[in-house]
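Please look over the model shown here. The report covers contacts between chains, a ligand site and the nonpolar cores.

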Amino acid sequence: MSKVVKAKYTAEAVPGFTHRTALEEAARCLLCHDAPCSKGCPAGTDPAKFIRSIRFRNVKGAAETIRENNVLGGSCARVCPYDNLCEEACSRCGIDRPIEIGKLQRYAIEQEKLFKMKTLKAPSKKQAEKVACVGAGPASLACAAELAKAGYKVTIFEREEKAGGMLTYGIVPSRLPQSVVDHDIAQVKGLGVKFVFNTEAKAEDLEAFDAVFVGTGLWDANLPKLKGAELKGVYSAVDYLKQARTKKKDFDPGKRVIVVGGGDVAIDCAVTAKLLGAEDVRILYRRTIEEAPANINEFHYALSLGIGITTGLYPVAAIGTKTKMNKVEAVGFYDKKAKAEFSCDALVFATGQKPEDQSAYGVDVNEKGFVKVKKGGKAGGKFFAAGDIVNGGKTVVEAVAEGKEAAASIIAYLEKKGVK
Amino acid sequence: MAVKKDLSLKYLGVDCLNPFFLSSSPVGGNYDMVAKCYETGWGGCFFKTVGIFVADECSPRFDQTNKEGLPWVGFKNMEQISDKPTELNFEYMYRLIRDYPEHITVASIMGSSVDEWKKLAKMADEAGAKIIEGNFSCPQMTSHDMGSDVGTNNELVESYSRAVAETVPHIPFVAKMTPNCKNMEEHARAALKGGAAAVSAINTIKSITNIDFENNTGMPVVDGKSSISGYSGAAVKPIALRFCTQVQQDEEIQRMAKEGKWNFGHGHEMSGIGGIETWRDVAEFLAIGCRNIQVTTAIMQYGYRIVEDMASGLMHFMDEKGYDHLDEFIGCALPNLIPAEDLNRDYKVLPAFDEKKCIGCGRCYISCYDAAHQAIDWNEKKRRPELNDNCVGCHLCLNVCPVQGCITPGEIKWKVRDENGVAVREANDATHIKFKKDARKEKKLALKAQYE
Ligand SMILES: Cc1cc2nc3c(=O)[nH]c(=O)nc-3n(C[C@H](O)[C@H](O)[C@H](O)COP(=O)(O)OP(=O)(O)OC[C@H]3O[C@@H](n4cnc5c(N)ncnc54)[C@H](O)[C@@H]3O)c2cc1C
Ligand SMILES: Cc1cc2nc3c(=O)[nH]c(=O)nc-3n(C[C@H](O)[C@H](O)[C@H](O)COP(=O)(O)O)c2cc1C
Ligand code: SF4
Ligand code: SF4
Ligand code: SF4
């Protein structure tokens, strides 16, 4: 019998560093000249600088560096794909293995919270111009923080009742606890940014603002053609995850769950199902593991929880009654003759998200519905955009980076306008 | 088959199973502890110092320094001598000497007057001690009549040594020296003059390890206050090696030892103490002429079991070097430790960079720029160091490079001097070439060993 990991949905799965282990890890850092890790961070979090601070016992200084450069430093510490970013660039790879940069970042932010540090402060002298941000996801939050730091009055419109976007409604809390997201968002609130919740921003809401930032993300599901798609029990990933987060105890994850897809989102859905008590959870991916976009470590993690991974098949029909599905038929992707039938009462499609209609905002979209921008997120006139809605769905840290860049463009735009 | 070598040797005429002894401290404070250490493989024990004075200790009494997450780089204690009744201590020693006749239980004593020293020496003799050590070196005694204040007073060292030597003329007396002095040789000479057979060193170094900012005092904190007290452990090894070397190289001490009654043909028989943790540390103390080594801090941190790797590691070292007995290499480094003015200053060894091993961290570049001679240019594109003509061969780069074997001693450049002996340029001419070749090979080998 295999021993599987028992974890809790709301409790962080990976333990963090203690003061001692953090120092030990920081001591492994080579303190590089012109450090490659810092160049590897899209959001400019500057790991080489904050690791050096930890190494020289200046943990508060480390937290400061992170916070100043990346307002979502706590969340990024949990969910960044470091192995493609800073840790991949790390010089120490040439000796043995990279510095655990994400974990050190997490440690510094945990200390920040412990010490009740307030790093970010808005200047008391305010600028005259007002800026609106649509959506309270990573891109908007990063943009708003930069603007507030420069003294602009920022209002964020968010249609949900909480801020965070995918951080709050998508990613599993065992990977990214809500308290971490909330702590990051508190930094933005602390800068005086105004949040208007439960409000889908309309064109007329935005008229009074001197500039508008659009960071609405991707919230429409990309569902493949499927017989029985209308049956109860068939979900899109975003829907499934959001319901799990918001309905809490009232959410029924299903007993036998099949998640379709091979990315991080598929794994989050499978983990959610498993941690919420589903008996049998299986990831169904049409290609091979080698071709899967998800990190192999995430597959390892799913496996360690007892989640099965089946490759080479994709679903063609959900079968059951109007009120309950009970099985799914799948066929081979490469092996055209392969056929399989799985009993299942929840079928979750983690096969990508697509943009919703953005016509309320003065932005152009391409054929896929993504907002078209020039360098620095300029979408024409007073409109700016960044994050998933522009890049087609990438990562939190890239949304932060682009949000920061857009803020710089907005400031340049408003300054130019002010001169005139 | 595991490598086996004979580690036995004679120390002050006494047969020892090996040179590994506990130094006088809480690691050897009662019968059961010392019995266990003998069972584990230690050759002997300098029992916790016994006085007529019975110590009244403070709590807490330890602190440590650490670096980059590595604990116990150095260790500070505020202990004095034994806090057990004098008679009980001698009873422990008596039983240990009776039950472990092959192991050497040394009585460490400390008096505050000639009479006390005499009395303690007599008690040690009655317990059967084959060697007595006099503690002239504890830096945190609550009385100025004892400890390192005595150890830096030549008259007292001599008269107390004489008190012991005359009371128990058949037992060799070892005077334990303090490093809190200007010149240890002078105090060692005083001890030998008074009749001591040899000296041991070092005791702990007066220190303040850390400041506690809650109480604004040192650490450890005792009721809001702290004191200067003794520092030991790995951090002090270099200082200990230096003192031992100076004592061993002192011609007067060697002459006194040879002419004295405790001459067994080895010259002065030093016992080395300070920061010893591994077989390599032991071998180093032996190389500078010690015939006995003593350990406390490493045992406090890791336990008696460290002796297992000391013994096995030393045997492997001897096997590798072709030694069958410790006597074959004791003192081997002494002739090569010479005054700075006698060093050969005719050449420099340039660093050689292995491009393949280099991981592009740039540490060599930073250190050479900020702390040496701006002799490394940084190739930003390739992320590689490039040596220029400024290099003086100091080897700072080699010491900071984190990759083993990446920077190594490379080409040797000979200086050309003018008639006043001032170096004017580097040699390129053929007259030097032969010498250059041979010297290079030898130096390379020596340097290789040094850095690996
Ligand atoms: C399940 C899952 C797991 C993921 N895991 C990772 C990971 O491990 N690492 C990683 O880096 N990235 C991960 N991502 C991707 C990451 O979450 C996104 O790239 C990132 O959140 C994009 O940020 P954003 O601000 O562009 O959009 P979002 O996070 O999508 O935020 C957009 C916000 O705008 C709001 N909104 C939309 N339209 C309107 C409107 N008209 N009016 C008002 N509000 C509106 C939404 O409610 C939402 O709050 C994951 C995504 C998912 C779905
Ligand atoms: C390579 C080196 C060279 C030094 N040269 C001098 C010197 O020329 N004059 C001097 O007063 N101290 C000199 N020092 C001692 C330092 O100034 C300092 O007192 C000592 O290193 C202790 O401080 P630190 O270890 O915290 O750096 C030197 C130290 C080093 C490491
Ligand atoms: S690249 Fe790696 S080793 Fe170098 S500074 Fe960054 S974390 Fe440290
Ligand atoms: S040996 Fe000294 S001077 Fe030469 S490159 Fe290295 S650090 Fe610089
Ligand atoms: S210190 Fe060593 S590894 Fe780092 S750049 Fe210099 S030679 Fe390369």
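## Interface of chains A and B

A salt bridge is a side-chain nitrogen of Lys or Arg within 4 Å of a carboxyl oxygen of Asp or Glu. The model is predicted. By that rule, one salt bridge crosses the interface of chain B and chain A. A:Asp34 and B:Arg383 form a salt bridge through their side chains, at 3.8 Å, N to O.

The contact involves 16 residues of chain B and 17 residues of chain A. About 1300 Å² is buried between the two chains. Carbon and sulfur atoms give 52% of that area. On the chain B side, B:Arg383 appears again: with B:Glu68 and B:Ile359, it supplies 40% of the area that chain B buries against chain A. No other three residues supply more.

## Surroundings of ligand 5

Ligand 5 is surrounded by 14 residues. The closest are B:Cys358, B:Cys361, B:Gly362, B:Cys364 and B:Cys401. Twelve residues of the shell are nonpolar, two are polar and none is charged.

## Nonpolar cores

The largest nonpolar core has 105 residues. Within it, B:Phe20, B:Trp42, B:Phe90 and B:Leu314 touch the most other members. Helix H11 of chain B, residues 306–321, gives the most to this core, with eight residues.

Which residues is B:Leu314 in contact with, leaving aside its neighbours within four places in sequence? Among them are B:Leu7, B:Phe20, B:Trp279, B:Leu286, B:Asp309 and B:Phe329.

A second, separate core has 91 residues. Its members include A:Ile51, A:Phe195, A:Ile410 and B:Cys364. B:Cys364 is also one of the closest residues to ligand 5.

How values were computed. Residues numbered from 1 in each chain as written. Chains lettered and ligands numbered in written order. Predicted model: local features only at pLDDT ≥ 70, side-chain atom pairs only at ≥ 80, totals over all residues. Heavy atoms only, no water. Core = buried A, V, L, I, M, F, W, Y, C linked by side-chain atoms within 4.5 Å. Buried < 20%, exposed > 50% of the residue type's maximum accessible area, 1.4 Å probe, protein only. Helix = DSSP H or I, 4+ residues; strand = E, 2+ residues; numbered from the N terminus. Contact = heavy atoms within 4.5 Å. Near = heavy atom within 4 Å. Nonpolar A, V, L, I, M, F, W, Y, C, P; charged D, E, K, R; others polar. Buried area = accessible area lost by both parts, 1.4 Å probe.
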